[in-house]
Amino acid sequence: MIDTTLRMLRHLATGRRAVHRALDAAALQRLQQAITASEQGHDGQIRLCVEAALPWRYLRGRASPRERALAVFAKLRVWDTERNNGVLIHLLLADRAIEVVADRALHRRIAPADWQALVEAMRGPLHEGRHEQALLAAVATLDGWLRLHFPADTRSTRARDNELPDQVELG
């Protein structure tokens, strides 16, 4: 009961300013540029979402960070890419939680230990307050995996479709 009460208080006390302290406008622009540049070399779609705290109905329902990440994955339509290779990195600041959700085609090609290593590599920089560096490194890792498994078709003369927005989703 105490853990639940403390979690609720932490979420209620963590406002949107926490997101802007973690990532200022220039950092958000650099992250968007990194995603845009990455997506020129593969057919995957990368989305980043940083939320200060759970919305009240999720908090009241005692949703886990994973449950919220899955809901955001659906809301942002990351699952709705042509080759089923979208991926979402979701940070929930109040819980200090990192969740990575990949669509089925990408998920099948990456070993569970590699997904876990990606999350673990982010923990140190995030704990130190280096949110931008942690997210840029994660985008670089995803870029390598997507270029390997879903390279861009360099023979095509038509412009590559950007199926999902590249900007960081804030909540």
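Buried means a relative accessible area under 20%, exposed means over 50%, and partly exposed lies in between, computed with a 1.4 Å probe on protein chains only. Helices (H or I, at least four residues) and strands (E, at least two) are DSSP runs, numbered from the N terminus. The model is predicted, so that local features need pLDDT of at least 70 and side-chain atom pairs count only at pLDDT 80 or more, while totals for chains, interfaces and linings use all residues. Residues are numbered from 1 along each chain as its sequence is written, and side-chain values use heavy atoms, with hydrogens and water left out.

**Exercise 1. Place strand β1 in its sheet, and state which of its residues point each way.**

Step 1. Two strands are taken to pair if DSSP finds at least two bridges between them. On this rule there is an open sheet of four strands with mixed pairing, in the order β3-β2-β1-β4. Its edge strands are β3 and β4, each of which pairs on one side only.

Step 2. Strand β1 (residues 45-51) runs parallel to β2 (residues 86-92), and seven bridges join the two; within this pairing, Leu48 has Ile89 as its bridge partner. β1 is also parallel to β4 (residues 169-170), here over two bridges, with Cys49 partnered by Glu169 and Val50 by Leu170.

Step 3. Gln45, Arg47, Cys49 and Glu51 point one way from β1, whereas Ile46, Leu48 and Val50 point the other way, and all are buried. The strand is accordingly described as mostly covered, with seven of its seven residues buried.

**Exercise 2. Explain why the buried residues of helix α5 line one face, and describe the loops on either side of this helix.**

Step 1. The buried residues in α5 (residues 65-75) are Pro65, Arg68, Ala69, Val72 and Phe73. Seen down the helix axis they fall within an arc of 145°, taken from the directions from the axis to the C-beta atoms, so they line one face of α5. As background, an α-helix has 3.6 residues a turn, so residues three or four places apart point the same way.

Step 2. Arg68 lies over the face of Tyr58, at 4.6 Å from the ring centre; the rule for such a placement asks that NZ of Lys or CZ of Arg be within 6 Å of the ring centre and within 35 degrees of the ring normal.

Step 3. The loop between α4 (56-60) and α5 holds Arg62, which is not a glycine and yet has a positive phi of about 55°. Arg62 counts as exposed, at 57% relative accessibility.

Step 4. The loop between α5 and β2 holds Arg77, another residue that is not a glycine but has a positive phi, of about 60°. Arg77 counts as partly exposed, at 43% relative accessibility.

**Exercise 3. Classify the aromatic pair of Trp115 and Trp145, and say which parts the pair ties together.**

Step 1. Rings of Phe, Tyr and Trp (its six-membered ring) pair if their centres lie within 6.5 Å, and planes under 30 degrees apart count as stacked, over 60 as edge-to-face and the rest as tilted. By this rule the count comes to one aromatic pair. The ring centres of Trp115 and Trp145 are 5.1 Å apart and their planes stand at 80°, so the pair is edge-to-face.

Step 2. Because Trp115 lies in helix α7 (residues 112-127) and Trp145 in helix α8 (residues 131-149), the pair ties together parts that are 30 residues apart in sequence. Both rings belong to buried residues, Trp115 at 11% relative accessibility and Trp145 at 16%.

**Exercise 4. Which residues have the most contacts inside the largest nonpolar core, and which helix gives the most to this core?**

Step 1. A nonpolar core is a set of buried Ala, Val, Leu, Ile, Met, Phe, Trp, Tyr and Cys residues joined through side-chain atoms within 4.5 Å. The largest one has 36 residues, and Trp115, Met122 and Leu135 are those with the most contacts inside it.

Step 2. Elements that each supply at least two residues of this core include β1, β2, β3, α7 and α8. Helix α8 gives the most, with seven residues.

Step 3. Apart from this core lies another, of nine residues, among them Cys49, Ala69, Leu76 and Val101.
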